[in-house]
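Q: Could you walk me through how to read the features of this structure, one at a time?
A: Happily; here it is, and we can start with an annotated stretch.

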Amino acid sequence: MSTDGATPTRREQILAAAAERFARAGFHGVGIDDIGKAVGVSGPALYRHFRSKDAMLAELLTGISDRLLRGGRERVGSASDPEDALRGLVRWHVDFALRNPSLITLHMRDLDSLTEHDRHRVRESQRSYVEVWVEALCRARPELEPATARATAHAVFGLINSTPFSAHLDQAQMAELLGHMAHGAIAAA
């Protein structure tokens with residue numbers, strides 16, 4: 001979905017509407033007509049953009065995993081030192097989770113609704129994203145074993161990805177709180 005401030009394409013509008021509805025009612029609780037109505041077209045008109053509702057889910061979930069991976073690599077690649085890389089990764093993931101609560105919810109609840117092929121693709125991107133964190137953690141904290149760094153990364157993701165269920169503060173306050181908590185979890189490792 002458009003992240004550069006440009007007007008979203010029709011395809012991006014459809015994906016955003018699908019993500020919101022899937023997050024609210026679950027993948028199986030939403031019909032193609034519901035998504036079409038949300039963007040002002042008939043359900044069948046969506047087939048000009050996607051071959052099926054399953055294809056929408058696949059694009060949403062592979063897209064989230066690919067965006068996280070790409071963004072994580074960019075943060076690490078532009079970091080001035082290992083600590084800066086960790087700060088960048090935390091800021092990136094917190095910002096992503098706060099800006100995309102529907103995608104976070106959808107990913108946690110409906111990943112198993114993907115075809116095996118698409119689920120495998122998502123898992124591959126996720127594993128690569130975890131390894132970006134593991135490498136950054138091990139560079140910043142050389143005493144960490146890779147297994148501990150991996151467990152730490154997953155714990156930090158769980159903390160940050162809880163935002164759709166715990167966002168009781170405004171976005172800036174929540175970002176600050178999550179950042180402090182994530183760094184606290186990293187320091188505790």
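A: Over residues 31-50 the chain is 35% helix and 0% strand, and the end C-alpha atoms of that stretch are 14 Å apart. Keep in mind that this is a predicted model.

Q: Which feature does UniProt list for residues 31-50?
A: The record, an unreviewed entry, gives "DNA-binding region" for residues 31-50. Such annotations may be inferred rather than shown by experiment. The UniProt entry, also unreviewed here, places "domain: HTH tetR-type" at residues 8-68. In the model, residues 8-68 are 64% helix and 0% strand, with 20 Å between the end C-alpha atoms.

Q: How do I check a helix against its expected span, and what does helix 6 show?
A: The expected span is 1.5 Å times one less than the number of residues. Helix 6 has 25 residues, so it should span 36 Å, and its end C-alpha atoms are indeed 36 Å apart.

Q: Which residues of helix 6 are buried, and what do they pack against?
A: Buried means under 20% relative accessible area. In helix 6 the buried residues are Asp118, Val122, Ser125, Gln126, Tyr129, Val130, Val132, Trp133, Val134, Ala136, Leu137 and Ala140. Their packing partners are helix 3, helix 4 (82-99), helix 5, helix 7 and helix 9 (171-188).

Q: Can we zoom in on one of them: is valine 134 buried or exposed?
A: Valine 134, in helix 6, counts as buried because its relative accessibility is 4%. Beyond its neighbours within four places in sequence, valine 134 contacts Pro146, Ala149 and Arg150. Valine 134 and arginine 150 are 16 residues apart in sequence, with C-alpha atoms 5.5 Å apart in space.

Q: What about helix 5: which of its residues are buried?
A: They are Leu103, Ile104, Thr105, Leu106, His107 and Asp110. These buried residues pack against helix 1 (10-25), helix 3, helix 4, helix 6 and helix 8 (163-166).

Q: Where is alanine 25, and which residues does it touch?
A: Alanine 25 belongs to helix 1. Not counting residues up to four places away in sequence, alanine 25 touches Val30 and Arg109. Its C-alpha lies 9.8 Å from that of leucine 106, although 81 residues separate the two in sequence. Alanine 25 counts as partly exposed because its relative accessibility is 45%.

Q: How does a pocket get described, and which residues lie nearest the centre of the second largest pocket?
A: A good reading takes the volume, the lining and the elements that supply it. About 360 Å³ of space lies in the second largest pocket. Its lining has 16 residues, and His107, Gln126, Tyr129, Phe157 and Asn161 lie nearest the centre. Of these names, His107 is among the buried residues of helix 5, while Gln126 and Tyr129 are among those of helix 6.

Q: Which helix gives the most to that lining of the second largest pocket?
A: Helix 6 does, with five residues. Helix 3 (53-77), helix 5 (101-110), helix 6 (116-140) and helix 7 (146-160) each supply at least two residues of the lining. By class, the lining has seven nonpolar, seven polar and two charged residues.

Q: To finish, is glutamate 176 buried or exposed?
A: A residue is exposed when its relative accessible area is over 50%. Glutamate 176 is exposed, since its value is 52%. Glutamate 176 lies in helix 9. The C-alpha atoms of glutamate 176 and arginine 91 are separated by 9.2 Å, with their positions 85 residues apart along the chain.

How values were computed. Residues are numbered from 1 along each chain as its sequence is written. This is a predicted model: local features need pLDDT of at least 70, side-chain atom pairs count only at pLDDT 80 or more; totals for chains, interfaces and linings use all residues. Side-chain values use heavy atoms; hydrogens and water are left out. Helices (H or I, at least four residues) and strands (E, at least two) are DSSP runs, numbered from the N terminus. On a 1 Å grid over the protein atoms alone, a cavity is a set of points where a 1.4 Å probe fits but cannot get out, and a pocket is an open set with protein on both sides within 12 Å along at least five of seven lines; lining residues have an atom within 4 Å of a point. Grid points are joined across faces, edges and corners, and a volume is the space filled by probe spheres set on the points. Ala, Val, Leu, Ile, Met, Phe, Trp, Tyr, Cys and Pro count as nonpolar, Asp, Glu, Lys and Arg as charged, and the others, Gly among them, as polar. Buried means under 20% relative accessible area, exposed over 50%, partly exposed in between (1.4 Å probe, protein chains only). Contact means heavy atoms within 4.5 Å.
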